[in-house]
Amino acid sequence: MKNEVHITIRSGADIVAARLQGRQLAAEAGFSGTDQTIIATAISELARNIIEYARGGEIQLTLVGDANRRGIRVEAHDDGPGIANIELAMQDGYSTGGGMGLGLPGTRRLMDEFVISSKVGEATTVIATKWIR
Amino acid sequence: MRVPILKQGEYLIASIQSALTDQDLMQLRDDLADRAGRFRSRGIIVDVTALDVMDSFACRTLRSLAYILRLRGAQTAIVGIQPEVAFAMVQLGLALGEVETALDLEEGLVRLRQGKLRSASSEK
């Protein structure tokens with residue numbers, strides 16, 4: 001079983017590829033059907049953000065865990081331009097793009113852990129983890 | 001992948017067969033808007049049973065599709081949202097607004113016929 005997958009995100013087809021691979025990895029790890037869909041949805045939102053706000057980037061999927069628990073970590077890295085106000089970007093309904101402003105706050109609700117780091121003019125990274133219940 | 005659209009009397013039925021890209025979804029919206037006018041359709045059913053996820057983009061596109069078609073005099077029903085997809089949509093915070101939904105294709109056709117009957121009787 002592969003423990004790590006990298007998907008380059010440049011087009012709409014890459015978004016679909018990323019979420020399908022995420023679902024497959026989650027299924028192999030033993031996630032329930034509902035959690036597989038939740039993980040795939042989170043990946044879809046993060047991958048779309050890469051295309052909508054940056055030129056491109058990468059989604060990295062990793063199976064993580066220790067003796068007590070197992071899970072999947074979704075990392076989204078983009079090529080910039082960074083987020084000016086992360087607090088605002090994490091609010092429901094706030095968007096500087098054409099969307100509904102649910103991508104980031106919604107993804108945080110879908111996943112168990114969520115960390116975002118960004119600076120204007122630099123890359124944005126989101127690391128979100130879901131654990132098997 | 002282009003979504004096949006079937007014409008059945010005054011209804012159009014679009015059955016999504018697999019995961020769709022953003023471009024595919026926009027194509028579906030445009031195809032349905034075009035055909036609903038050409039065939040003078042009264043109702044449109046979009047069957048999303050095979051859709052792997054309903055993310056914010058898919059939700060927004062289907063909602064705008066329903067609103068566009070309503071402005072053109074047709075009703076839209078989204079049918080076949082799977083339980084796990086519905087669960088993820090709620091957690092994400094997505095809503096379909098006033099768009100009609102139904103459990104499956106059969107139920108969707110019933111809803112459209114009822115909706116039509118309602119508007120017909122209120123005209124009298």
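Angles between helices under 35 degrees count as roughly parallel, over 145 as roughly antiparallel, 65 to 115 as roughly perpendicular and the rest as oblique. Keep that rule at hand for the exercises below.

This is a predicted model, in which local features need pLDDT of at least 70, side-chain atom pairs count only at pLDDT 80 or more, and totals for chains, interfaces and linings use all residues. Residues are numbered from 1 along each chain as its sequence is written, while chains are lettered from A and ligands numbered from 1 in the order in which they are written.

**Exercise 1. Classify the packing of H4(A) and H3(B) from their angle.**

Step 1: Find the two helices. Helices (H or I, at least four residues) and strands (E, at least two) are DSSP runs, numbered from the N terminus. H4 of chain A covers residues 103-110, and H3 of chain B covers residues 83-92.

Step 2: Take the geometry. Axes are lines fitted to C-alpha atoms, for helices over the stretch in contact, and angles run from 0 to 180 degrees between N-to-C directions. Here the angle is about 120° and the axes are 8 Å apart.

Step 3: Apply the rule. H4(A) and H3(B) are therefore oblique to each other.

Step 4: Look for the residues that meet, where contact means C-beta atoms, placed from the backbone, within 7 Å. From H4(A) come A:Gly106, A:Arg109 and A:Leu110, and they meet B:Ala88, B:Gln91 and B:Leu92 of H3(B).

**Exercise 2. Describe how chain B touches chain A.**

Step 1: Count both sides. Chain B places 18 residues in contact with 24 residues of chain A.

Step 2: Assign the chain B side to elements. H1, H2 and H3 of chain B each give two or more residues to it.

Step 3: Name the top contributor. H3(B) gives the most, with 6 residues.

**Exercise 3. Is A:Gly103 buried or exposed?**

Step 1: Place the residue. A:Gly103 lies in helix H4 of chain A.

Step 2: Use the cut-offs. A residue is buried if 20 or more other C-beta atoms lie within 10 Å of its own, exposed if 12 or fewer, and partly exposed in between, with C-beta atoms placed from the backbone. A:Gly103 has 26 C-beta neighbours inside 10 Å, so this glycine counts as buried.

Step 3: List its partners. Leaving aside neighbours within four places in sequence, A:Gly103 is in contact with A:Glu45, A:Arg48, A:Asn49 and, from the other chain, B:Ser56.

**Exercise 4. Work out which side of H1(B) faces inward.**

Step 1: Check the helix length. The expected span of a helix is 1.5 Å times one less than its number of residues. For the 17 residues of H1(B), residues 22-38, that gives 24 Å, and the end C-alpha atoms are 24 Å apart, which agrees.

Step 2: Collect the buried residues of H1(B): B:Asp22, B:Asp24, B:Leu25, B:Leu28, B:Leu32 and B:Ala36. They cover an arc of only 165° around the axis, which puts them on the same side of H1(B); the arc is that of the directions from the helix axis to the C-beta atoms.

Step 3: Turn to the other side of H1(B). There, B:Gln23, B:Asp30, B:Asp34 and B:Arg38 are exposed.

Step 4: Ask what covers the buried residues. The cover includes helix H1 (12-29) of chain A, together with E1 (5-8), E2 (11-15), E3 (43-47) and H2 (56-71) of chain B.

Step 5: Examine the H2(B) neighbour. H1(B) and H2(B) pack at about 10°, with axes 10 Å apart, and are therefore roughly parallel to each other. Among the residues making this contact are B:Leu25, B:Leu32 and B:Ala36 of H1(B) and B:Phe57, B:Leu65 and B:Ile68 of H2(B).

**Exercise 5. Characterise B:Arg40.**

Step 1: Locate B:Arg40 in the loop between H1 and E3 of chain B.

Step 2: Read the backbone. B:Arg40 has a positive phi of about 55° although it is not a glycine.

Step 3: Judge its surroundings. With 10 other C-beta atoms within 10 Å, B:Arg40 is exposed.

**Exercise 6. Draw up a profile of each chain.**

Step 1: Count elements. Chain A has 4 helices and 5 strands, and chain B has 4 helices and 5 strands.

Step 2: Write the order. Chain A reads β-α-α-β-β-α-α-β-β, whereas chain B reads β-β-α-β-α-β-α-β-α.

Step 3: Test chain A for compactness. The radius of gyration is taken over C-alpha atoms, and the globule rule is 2.2 Å times the number of residues to the power 0.38. For 133 residues a compact globule would have a value near 14 Å, and chain A has 14 Å, which agrees.

Step 4: Add the burial. In chain A, 39% of the 133 residues count as buried; in chain B, buried residues make up 38% of 124.

How values were computed
Two residues are in contact if their C-beta atoms, placed from the backbone, lie within 7 Å.
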